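Thank you all for coming this morning. Please take a moment with the sequence and the model on the screen before I begin.

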Amino acid sequence: MTKITAEHLARGAFVYVRQSTADQVHNNHESRRRQYGLADRARALGWGVVEVIDDDLGRSGSGVSRPGFEKLLAAICQGRVGAVVSIEASRLARNGRDWHTLLEFCGLVGTLIVDEDGVYDPRHPNDRLLLGMKGTMSEMELSIFRQRSLEALKQKARRGELFLTVAVGYVKVTHDRIDKDPDRRIQEALALVFRKFAEMQTVRQVHLWFRQERLSLPAVSYGLDGRHVEWKPPVYNTIHHMLTNPIYAGAYVFGRTGSRITIEAGRKRIVRGFRKDRGEWEALILDHHEGYISWAEFERNQRLIADNANGKSFMSRGSVRRGEALLAGVLRCGHCGRKLHVAYSGTNGSSGRYHCRGGQINHGGDRCISFGGMRVDRAVGAEVIERLQPLGIEAALAAAEAQHLENTEKRRQVEFALEQARFEAARARRQYDAVDPDNRLVAGELERRWNECLAAVRVLEDEYDALAVTPTGLLSPTERERLFALGADLERAWNARGVTSSTRKRIVRTLIEEIVVRVEDDALNLVVRWQGGDHTALRVRKNRAGQHRWSTDADVVQLVTILARQMPDQAIAAVLALARRRGGETAGQDRAYAGFVITATLRPIAMASGWSVGRSPWMKPPWRSTSVRPRYGASLMGGCYQQASCAKVRLG
């Protein structure tokens, strides 16, 4: 007795076509032809209306979202499907949820399931049992295949013989061994990336340097002719990948990334590309092949990259940023353990202040500590200079060598590019010479390619000639003498006008790992932790409330308080100027103690102390009518108090 009835034939037959991956769609044509051929089988069984659903080509049936399968289920529920035709059960579903949902819907509306072996009615117990076993075997088959293939890959990877792809700078010598690319231009370009990172210590600065110098880097691309190398301006991710890939340190690594499975809208979703910790890698074989850097240098680079990440880690210092604060990212609060941040103020934003407000921002508590950065920066800078002073001459020699090397690196890269361009032009010429001149369709195209190569050669030749006429970076005898003088006097070099704050910050970070600071009374107690493990304790005086860098020193205030009983303003100014000259300051600085400054800033303090003072002839009447506040750092100008920083005058 046939299971196909007139009711089934009155509805349509839906042929479901699916292949699991894009590679199967591209290469396995016979399997796809067999599945499309099922439409003829449906017509042979008596169906006149046959619809093919092939929306899921290249999609896995293991539980991910499949629009074609959803369309099939919707048509079944609408009662439009008389039979579902598939080559086998695994094409319909590779997981129990989808398979049993299909069986349940087909049983409810009376839809048949047809494959190459027979016709099944899910409403019949025997057919339902057989279909359930087919679905279970299909699901188990996928699990077994996956387990076998993954274990085989892992076993080969543990021997260091599995190479799914090869990074730029390396080529496959055999199926289980790689070696450096024999192209010297590629080798020199990769070595330049690592040298620049050792110099600049940030990925972004290396990227900006390559962009500024208009240097290209190699990149692997795949086409119809297989793997080949292209030269293009680098992007940030390209340089970051080169610096973080262990293959360039001579190590073989497998399993650095993993995948996670989540449930979205009732469907499985696989998210790939999650980074694993080093202890979770499947394989790590050191000294597997020749590297561009050592493993120790690779680990140092990873620490620098992780330390430069702003806000990614509780202990990271962050990258060197703009601003005059010398210790940004290095200071840590000794009270709560949080990293101190910097806030800038002033007319040009050059006055930095360190503060710890993590507890207030995160937990709504009180502010922790806050202090100005000038005295702390000077104290730590002096400690750094003291430790670098014996190495000053060596640093000067290294600076001269680095300047010469930087000027020759670009010329070497352009020279390699020019050599490659000349080779491409010569090959294009050979191809043009080999073609029949009468075949103008081919000859015209080859001539165009040859002209493009010649144009590229001319551009590179002009660039190389321009670099050849520029100075090579060798210092003149006068420049070398000045450089060695700065090397002998590092304090003068540290405070030189041409030294940027970024350079000072990099020097500090090279020597200092961390500084723990505590605020106790009117002082800052610092514990400097050097990179070698040594510790140094420093104590820096902290300004009281209302004090700032333009405030008058206490000894000057005391001296003026005594002299105000006996001397007029001009005489006090002369005494202070004489004392400054004897202390080694120039006569040009005597103007800081002009008579009106003494009157406006220091004499009100003396008056507040109870002394009666006589008014100079050039003083205006508002002097006597203005109340006097005994606060250091305040100045009286025409009866109004102003902060001494606004007066732009520094006393003492």
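Which residues form a nonpolar patch on the surface? They are Met140, Ile144 and Phe145, and together these residues have about 280 Å² of accessible area. I should say early on that what you are looking at is a predicted model, and that the values I quote are computed from it. Met140, to stay with one member of the patch, sits in helix α8, which covers residues 125–158. Because its relative accessibility is 48%, and exposed would require over 50%, Met140 counts as partly exposed.

From the surface let me turn to the inside, where helix α8 comes up again. A search of the whole structure finds two cavities of 30 Å³ or more, and I will speak about the second largest, which has a volume of about 50 Å³. Its lining is made up of Ser86, Glu88, Ala89, Leu92, Trp99, Ile113, Val114, Asp115, Leu131 and Lys134. If you would like to find this lining on the screen, look for α6 (89–92), β4 (112–114) and α8, which are the elements that give two or more residues to it. In character, the lining residues of this second largest cavity divide into six nonpolar, one polar and three charged.

Next come the charged pairs. How many salt bridges does the structure hold? The number is 28, and I have picked out a few of them, beginning with two that lie within single helices.

In the first example, the side chains of Asp40 and Arg43 meet in a salt bridge, with 3.2 Å from N to O. Both residues belong to helix α4, residues 38–44, where they are three residues apart, or about one turn of the helix. Asp40 is exposed, with a relative accessible area of 52%, whereas Arg43, at 45% relative accessibility, counts as partly exposed.

In the second example, Arg449 forms a salt bridge with Glu445, and the closest N and O atoms of this pair are 3.2 Å apart. Here the two residues are four apart, again about one turn, and both lie in helix α16, which runs over residues 440–469. Arg449 is partly exposed at a relative accessible area of 42%, and Glu445 also counts as partly exposed, at 30%. This pair belongs to a wider arrangement, for Glu445, Arg448, Arg449 and Glu452 are linked in a network of salt bridges.

The third example joins two strands. Arg332 forms a salt bridge with Glu514, and the closest N and O atoms are 2.4 Å apart. Arg332 lies in strand β14 (residues 331–333) and Glu514 in strand β18 (residues 512–520), so this pair ties together parts that are 182 residues apart in sequence. Are these two residues buried or exposed? Arg332 is buried, with a relative accessible area of 7%, and Glu514 is buried as well, with a value of 13%.

I would now like to look at the backbone, and at two residues in loops. Most residues other than glycine have a negative phi. Against that background, Arg214 has a positive phi of about 55° although it is not a glycine, and you will find Arg214 in the loop between α10 (203–213) and β8 (217–223). The residue is exposed, with a relative accessible area of 65%. Asp287 likewise has a positive phi, near 55°, and its place is the loop between β13 (283–285) and α12 (295–308). At 71% relative accessibility, Asp287 counts as exposed.

Finally, let me mention two pairs of positions given by their C-alpha atoms. Pro233 lies in the loop between β9 (226–232) and α11 (236–244), and it counts as partly exposed at 47% relative accessibility. The C-alpha atoms of Pro233 and His207 are separated by 9.7 Å, while along the chain the two residues are 26 residues apart. Leu243, by contrast in its surroundings, is found in helix α11 and is buried, with a relative accessible area of 0%. Between the C-alpha atoms of Leu243 and Asn301 there are 7.2 Å, although these residues are 58 residues apart along the chain.

Methods
Residues are numbered from 1 along each chain as its sequence is written. This is a predicted model: local features need pLDDT of at least 70, side-chain atom pairs count only at pLDDT 80 or more; totals for chains, interfaces and linings use all residues. Side-chain values use heavy atoms; hydrogens and water are left out. Patches are made of residues with over 30% relative accessible area and no salt bridge: like charges are joined within 9 Å, nonpolar side chains (Val, Leu, Ile, Met, Phe, Trp, Tyr) within 5 Å. Accessible areas come from the Shrake-Rupley method with a 1.4 Å probe; for residues, only the protein chains shown count as cover. A salt bridge is a side-chain nitrogen of Lys or Arg within 4 Å of a carboxyl oxygen of Asp or Glu. Buried means under 20% relative accessible area, exposed over 50%, partly exposed in between (1.4 Å probe, protein chains only). On a 1 Å grid over the protein atoms alone, a cavity is a set of points where a 1.4 Å probe fits but cannot get out, and a pocket is an open set with protein on both sides within 12 Å along at least five of seven lines; lining residues have an atom within 4 Å of a point. Grid points are joined across faces, edges and corners, and a volume is the space filled by probe spheres set on the points. Ala, Val, Leu, Ile, Met, Phe, Trp, Tyr, Cys and Pro count as nonpolar, Asp, Glu, Lys and Arg as charged, and the others, Gly among them, as polar.
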